[in-house]
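Visitor: Please take a close look at one part of the interior and at the charged pairs tied to it.

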Amino acid sequence: MSRTECTIVTLNIFHDLPMYRSLERRCELIAEAIAARRPHVAALQEVLRSTASGDIGAKIRDGVNRLCEAQLYRLDYAVADGAGDGEFSFDEGVALLSRLEADGPAASLKYCAQVEMAAEVAGRRYRLPDDRVAMRRRFRLANGARLDVCVAHLTDRPERIDGVAVRTMQARELAAWAAGGSDSETTVMLAGDFNDVAGSETIACFKRSGFIDLHEAFGSGPGYTNDRDDIDLNAERATHNQRIDYLMMRPPERRDPDVPEVRLFAERPHRESDGTWLWPSGHIGVIATLRL
């Protein structure tokens, strides 16, 4: 079977709840970046739906399709958590924008391991949303190759259960679910914000399950995607100093991975008409081209 090229991107949108700083404009910039590259699949995290901001995933999809002058992309969304009602209601989760032929419906995983956050107000205890999910969809390429894409956003919290970091427990669940849902002839991609650095136990969980860190294997440079102290969205220059956003691949058995491109995505700020600068997100994305 001859190989077919397929391009995948991952990006944490950074909804910036509850301030939503420049979110509408940043979504336009994200749509422009996606439309410029036209990846086959875009894996998005921190996809917000709220009374105040509307459906962010749908806005990005519609923006990309408008720029492409065609209804190329469809949207799959999996809600992770939410709160509030009326004008204060919101939920957020993960999403896939795709223009490949889908092979079956999307599936989602809500981790057994979750961080339980709460606040006390006027003597009453209120739960704070931090539940996390993953979503998977199978696609079929023109040459018949099968591709499972899993998008995920692991917790950034340091909490532990019985001495084990919740983030590590989520990584174990995700790796088992992603690998267990496919067969040996299917390429499996993990895409997302894993909130941990290369060399951590979180990333080791994926490697032990047969996943390859594409930047580590085929990229160059440090590949920083985030500032541990948060970037200034209006900064002219990057201050990113850690790599926590990943594309990871488990190739089919007896087939060497063929990855001609791995690079950063939406990695520069945009110069606005008033002379100020604006980053599309608090994260830089990762884009990779595969031959499957």
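Guide: Contact here means heavy atoms within 4.5 Å. The model is predicted, so local features need pLDDT of at least 70 and side-chain atom pairs count only at pLDDT 80 or more, while totals for chains, interfaces and linings use all residues. Residues are numbered from 1 along each chain as its sequence is written, and side-chain values use heavy atoms, with hydrogens and water left out.

Leaving aside neighbours within four places in sequence, Leu 147 is in contact with Cys 6, Ile 8, Leu 100, Arg 137, Arg 138, Phe 139, Leu 141, Thr 186, Thr 187, Met 189 and Leu 292. Leu 147 also belongs to the largest nonpolar core (buried Ala, Val, Leu, Ile, Met, Phe, Trp, Tyr and Cys residues joined through side-chain atoms within 4.5 Å). That core has 28 residues, and Ile 8, Leu 147, Met 189, Leu 214 and Leu 290 have the most contacts inside it. A second, separate core of 26 residues includes Val 9, Ile 13, Leu 48 and Ile 60.

One contact of Leu 147, Arg 137, forms a salt bridge with Asp 76 at 2.6 Å, N to O (a side-chain nitrogen of Lys or Arg within 4 Å of a carboxyl oxygen of Asp or Glu). The pair links distant parts of the chain, 61 residues apart: Arg 137 lies in strand E10 (residues 133-140) and Asp 76 in strand E4 (residues 74-83) (strands are DSSP runs of E, at least two residues, numbered from the N terminus). Both Arg 137 and Asp 76 are buried (under 20% relative accessible area, 1.4 Å probe, protein chains only; exposed is over 50%, partly exposed in between). Elsewhere, Asp 131 and Lys 110 meet in a salt bridge of 3.4 Å, N to O. Asp 131 counts as buried because its relative accessibility is 15%, whereas Lys 110, at 46%, counts as partly exposed.

Methods. Helices (H or I, at least four residues) and strands (E, at least two) are DSSP runs, numbered from the N terminus.
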